Amino acid sequence: MDVRVGVIGVGMIGQDHIRRITQVLTGGSVTAVNDVDAARAGQVAAGLPGAHTHDTAAALIADDEVDAVLVASWGPAHEEQVVAAIAAGKPVFCEKPLAPSSAACQRIMDAELATGRRLVQVGFMRRYDAGYRAMKATLDDVGLGAPLLMHCAHRNPSVPDYGFTTDMIISDSAVHEIDIVRWLFGEEIVAASVLTPRRTSHAPDGLQDPLILLLETASGALVDDELFVSARYGYDVRGEIVCETGTVALADVSEVTVRTANRYSGRVPVDWRDRFIRAYDTELQEWLDAVAAGTCTGPTSWDGFAAAVVTDAALEALHTGQRTAVSLPERPEFYAK
Ligand code: NAD
Ligand code: ISE
């Protein structure tokens, strides 16, 4: 029988996840939706045979026709919705960031720990991307020596003119590199610094764009992350790890390259939906499969919390201009692999 999913927040990614659950993946259906924008919820439900809308997230979570909850609302709403799903004993997939502050993530972890059962998967989809998976396999299986450096770039063509703040370049965008670095290196990040280069004239008023985030890992590896969210030309995510005897880098993602008239060209993805489409598919398929099997896999509340602790330090570094140490408590045994 299908896992009956209730979706909270049906904006860009909520609708994209509904499309994949109903048209691409197997073993899932969408039976209920909720959004603070009731008109939007109604329009989305109208395209989903048999699905209904709920006025509140709490009502959706309580619905007997909802086996599992997918939270794709704005970050500040995540804590209340994820904690409510945990209280109802329902598996919950929560889009990143798990919550905007480490304190809120800690409360989510506490709620999950209290149940004694893992229920939460966080939407760090890069862990499901074929390129990053091959990169990790190379690090783990091919003798390149100890990783020393990683160079990352995270470029978005644009962000909305209103509402997207410089802090969000860290909390909304860089949080992906924060998670993928923890996962690739298999160790924690211990310090963060932020540099603020010349600002592009294409950034919305008040936005410091680009930024360079520097992360230091526990073993002393250094990661530089260029964050440039008004890059105009396309969506471009890059990564290269430099080890003692070799390097491993993400390949260009264009399906083909064209050579003509003494020119060479390929395709640059339009946005994150385009670049990571297969990663989102794999991520949600594995979530549905795990829910059906009564298990929980993928990035945990602990991963969401650890990313938030690093985010807090990076935000402090941005505001003070100082290198900031990350103070991460010990991981609860409950979250050991
Ligand atoms: P969006 O603004 O397009 O959609 C958010 C929706 O949530 C809106 O329809 C809004 O009305 C609704 N909403 C807000 N507060 C709510 C509440 N309390 N209850 C119910 N609905 C509420 O934003 P988006 O781009 O779809 O982002 C949503 C979430 O997904 C964010 O956490 C974002 O960081 C994350 N996201 C993740 C990725 C990824 O690559 N994994 C990509 C984009 C967005
Ligand atoms: C967005 O919210 C995402 O999560 C995308 O993956 C990221 O690339 C983008 O910068 C964020 O705004």
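Which helix gives the largest share of the shell around ligand 2? In this predicted model, the answer is α7, which spans residues 166-185 and supplies three residues of that shell. The full set of neighbours around ligand 2 consists of Lys96, Met125, His154, Asn156, Asp172, Ser173, His176, Tyr235 and Trp272. Sorted by character, the shell holds three nonpolar, four polar and two charged residues.

Several polar contacts can be followed from these side chains to ligand 2. A polar side-chain atom of Lys96 is placed 2.8 Å from an oxygen atom of the ligand. For Asn156, an N or O atom of the side chain lies 2.8 Å from an oxygen atom of ligand 2, and the side chain of Asp172 likewise has an N or O atom 2.8 Å from an oxygen atom of ligand 2. On its own, ligand 2 would expose 300 Å², of which the protein buries 87%. The space that ligand 2 takes up is the largest pocket.

Turning to the other ligand, ligand 1 also sits in the largest pocket. Its shell draws two or more residues from each of the elements α1 (12-24), α4 (75-87) and α7. Of these helices, α4 provides the largest share, with four residues. There are 27 residues around ligand 1, and those that come nearest are Asp35, Arg40, Trp74, Lys96 and Tyr280. Lys96 thus appears in the surroundings of ligand 1 and in those of ligand 2. By character, the shell of ligand 1 divides into 12 nonpolar, nine polar and six charged residues.

Both backbone and side-chain atoms reach oxygen atoms of ligand 1. A polar backbone atom of Ile13 lies 2.9 Å from one such oxygen atom. In the side chain of Arg40, a polar atom is 2.6 Å from an oxygen atom of the ligand, and for Tyr280 a side-chain N or O atom is 2.6 Å from an oxygen atom of ligand 1. Ligand 1 has 830 Å² of accessible area when taken by itself, and the protein covers 86% of it.

Away from the ligands, the sheet deserves a look. Seven strands make up an open sheet with mixed pairing, running in the order β12-β11-β7-β10-β9-β8-β15. At its edges are β12 (247-249) and β15 (324-325), each of which pairs on one side only. The partner of β15 is β8 (residues 189-195), and the two strands pair in the antiparallel sense over two bridges. Within this pairing, Ala192 has Thr324 of β15 as its bridge partner.

Technical notes
Residues numbered from 1 in each chain as written. Chains lettered and ligands numbered in written order. Predicted model: local features only at pLDDT ≥ 70, side-chain atom pairs only at ≥ 80, totals over all residues. Heavy atoms only, no water. Near = heavy atom within 4 Å. Polar contact = N/O pair within 3.5 Å; in protein donor to acceptor, adjacent residues only side chain to side chain. Areas by Shrake-Rupley, 256 points an atom, 1.4 Å probe, with all protein chains shown as cover. 1 Å grid on protein atoms, 1.4 Å probe; cavity = no way out; pocket = protein on both sides within 12 Å on 5 of 7 lines; lining within 4 Å. Sits in = over half its atoms within 2 Å of the grid points. Nonpolar A, V, L, I, M, F, W, Y, C, P; charged D, E, K, R; others polar. Pairing = 2+ DSSP bridges.
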